[in-house]
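Colleague: Before we discuss this model, I would like to hear the reasoning behind each label you use. Could you set the values against the definitions as we go?

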Amino acid sequence: QVQLVESGGGLVQAGASLRLSCVASGRALKEYTVGWFREAPGKEREFVAQSSWNDDDTPIYADSVRGRFTISRDNSVNTVYLEMSTLQVDDTAVYLCAADAGWGGRDLVPPADFDYWGQGTHVTVSS
């Protein structure tokens, strides 16, 4: 079992930056592919970024955030980060992290394949 807890959300103005954290307990997060997703009011859950368990795999980003968001890991503290810069009003959402125990990760893992999910952290970007 893996428990995931997100933090770092908040209310910011457009153009600002935030760093979200996804801290895992129960198992070493380095064994899992980790994804960040977001849920905006009235919209379906949307993929944001993915970091493979395999360090040789390139992170994957949604087109809407590529170049502005960066996913990274610190295995020493069992944490995956999402650095978000140049935030836009459309980035407003609940951000969730998820962990997949499968061997995939080089390619996009479908949301349904993720085994564990956190509760999310709210990000609100004002104009």
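Modeller: Gladly, and I begin with how elements are assigned: helices (H or I, at least four residues) and strands (E, at least two) are DSSP runs, numbered from the N terminus. In this predicted model, T86 lies in the loop between β8 and β9.

Colleague: What makes T86 stand out in its backbone, and why is T86 called partly exposed?

Modeller: T86 is not a glycine, and yet its phi is positive, at about 45 degrees. Its relative accessible area is 44%, and because partly exposed covers what falls between under 20% and over 50%, the label follows for T86.

Colleague: Which other loop residue has a positive phi although it is not a glycine, and is that residue, N78, buried or exposed?

Modeller: N78 has a positive phi of about 55 degrees and is not a glycine either; N78 lies in the loop between β7 (69-74) and β8 (79-84). With a relative accessible area of 16% N78 is buried, since buried means under 20%.

Colleague: How many helices and strands does the chain have, and how do you know that the chain is as compact as a globular protein of that length?

Modeller: The chain holds zero helices and 11 strands. For its 127 residues the globule rule gives 14 Å, and the radius of gyration is 14 Å, close to that value, so the chain is as compact as a globular protein of that length. Along the principal axes, the C-alpha atoms fill a box of roughly 40 × 25 × 25 Å, and 43% of the 127 residues count as buried. Of the contacts with a separation of 6 or more, 60% are between residues 24 or more positions apart.

Colleague: Why is A99 called buried, and which residues does A99 touch?

Modeller: A99 has a relative accessibility of 0%, and since the limit for buried is under 20%, A99 counts as buried. A99 sits in strand β9 (residues 93-100) and, leaving out residues up to four places away in sequence, touches L4, L29, Y32, T33, F114, D115 and Y116.

Colleague: What makes T121 buried, and what does the side chain of T121 reach?

Modeller: The relative accessible area of T121 is 9%, which is under 20% and therefore within the range for buried. T121 belongs to strand β11 (residues 121-126), and its side chain reaches the backbone nitrogen of G9 at 3.1 Å. Beyond its neighbours within four places in sequence, the contacts of T121 include E6, S7, G8 and G9, as well as L20, A93, V94 and Y95.

Colleague: How many salt bridges does the structure hold, and how do you know that E46 and R38 form one?

Modeller: There are six salt bridges in the structure. For E46 and R38 the N to O distance is 2.8 Å, and since the cut-off is 4 Å, the pair qualifies as a salt bridge. The two partners differ in exposure, because R38 counts as buried at 5% relative accessibility, while E46, at 31%, is partly exposed. R38 and E46 also belong to a network of salt bridges that links them with R68 and D91.

Colleague: What makes R27 and E31 a salt bridge, and what is the N to O distance for E39 and R45?

Modeller: The closest N and O atoms of R27 and E31 are 3.0 Å apart, and for E39 and R45 the N to O distance is 2.5 Å; the cut-off of 4 Å is therefore met. R27 is partly exposed at 39% relative accessibility, and E31 is partly exposed at 40%.

Colleague: Why is D57 said to have no salt bridge?

Modeller: The nearest side chain of opposite charge to D57 is R106, 4.9 Å away, and because a salt bridge needs a distance within 4 Å, D57 has none, although D57 is buried. D57, in the loop between β5 (46-51) and β6 (60-61), does make a polar contact of 2.8 Å through its side chain with the side chain of S52. Outside its neighbours within four places in sequence, D57 is in contact with S52, G105 and R106.

Terms used: Residues are numbered from 1 along each chain as its sequence is written. This is a predicted model: local features need pLDDT of at least 70, side-chain atom pairs count only at pLDDT 80 or more; totals for chains, interfaces and linings use all residues. Side-chain values use heavy atoms; hydrogens and water are left out. Buried means under 20% relative accessible area, exposed over 50%, partly exposed in between (1.4 Å probe, protein chains only). Lys and Arg count as positive and Asp and Glu as negative; His and the chain ends are not counted. A polar contact is a pair of N or O atoms within 3.5 Å; within protein, one must be able to donate a hydrogen and the other to accept it, and residues adjacent in sequence count only if both atoms are side-chain atoms. Contact means heavy atoms within 4.5 Å. The radius of gyration is taken over C-alpha atoms; the globule rule is 2.2 Å times the number of residues to the power 0.38.
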